[in-house]
Structures are given as C-alpha cells and as structure tokens.
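Me: Please take a close look at one part of this model. I would like the nonpolar core and what surrounds it.

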Amino acid sequence: MPENRFDANGEIKLEAAMARLEEVLRALDRDGVDLEEALRLYEEGIRLVRVCNDRLDDAERRIKILKLSDGGEIVEENFSDIKERESK
C-alpha cells in the first residue's frame, strides 16, 4: 500500500480503509474464491469495518456545532451530544 494511505501515527486513513473494504467485497463476490481465502478476506473486511466505524465515531466526537442561543449569543455543542439526544 502506498504511504499516503496512512496517517502520521501509521494508522490507515478512513478513505484508504473504505477503498480496501470495497476491494475485499469485490474479491469475495468473485467466483472461484476458495474457503481459506474467503475466510481471510472476511476477517480483513471485519477489521476494516471496525477501523471505519472508529474513525467516524472519532470524527463525530470532534465536530462542534455553533448555534445562536435565545439570548443571541453563539454557543458551541458537540455533534455527538446532539446525535445522542436525537436518537432517544
């Protein structure tokens, strides 16, 4: 994999993980994949899904929403707090 697929911490970037997951899914969809290869691809796909979910969860925690309060002041709220409140 090219170096630009990894961040400064040596972890795969979200976009690279998603692209590799697409490749894994295409490989699993091909005819003639033997059981051992299918299991290896499946396990890699599961790891990639977890990486993608972790990256997206982290992004949600970092996003701040700026709103105007009733008093006209700008207030900051975490996106993850809004999302959690709306899911209840």
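Reply: Here is the core, followed by a surface patch and some single residues.

This is a predicted model: local features need pLDDT of at least 70, side-chain atom pairs count only at pLDDT 80 or more, and totals for chains, interfaces and linings use all residues. Residues are numbered from 1 along each chain as its sequence is written, and side-chain values use heavy atoms, with hydrogens and water left out.

Ten residues make up the largest nonpolar core: I12, L14, A16, A17, L21, V24, A27, L41, L48 and C52. Such a core is a set of buried Ala, Val, Leu, Ile, Met, Phe, Trp, Tyr and Cys residues joined through side-chain atoms within 4.5 Å. Buried means under 20% relative accessible area, exposed over 50%, partly exposed in between (1.4 Å probe, protein chains only). Two elements, α1 (14–29) and α2 (35–62), each give two or more residues to this core. The largest share, six residues, comes from α1. Helices are DSSP runs (H or I, at least four residues), numbered from the N terminus.

E44 sits in helix α2. Its relative accessibility is 13%, so E44 counts as buried. Beyond its neighbours within four places in sequence, E44 is in contact (heavy atoms within 4.5 Å) with R20 and V24. V24 is itself one of the core residues.

L28 lies in helix α1. L28 counts as partly exposed because its relative accessibility is 31%.

D57 belongs to helix α2. D57 is partly exposed, at 37% relative accessibility. Its C-alpha atom is separated by 22 Å from that of N4, 53 residues apart along the chain.
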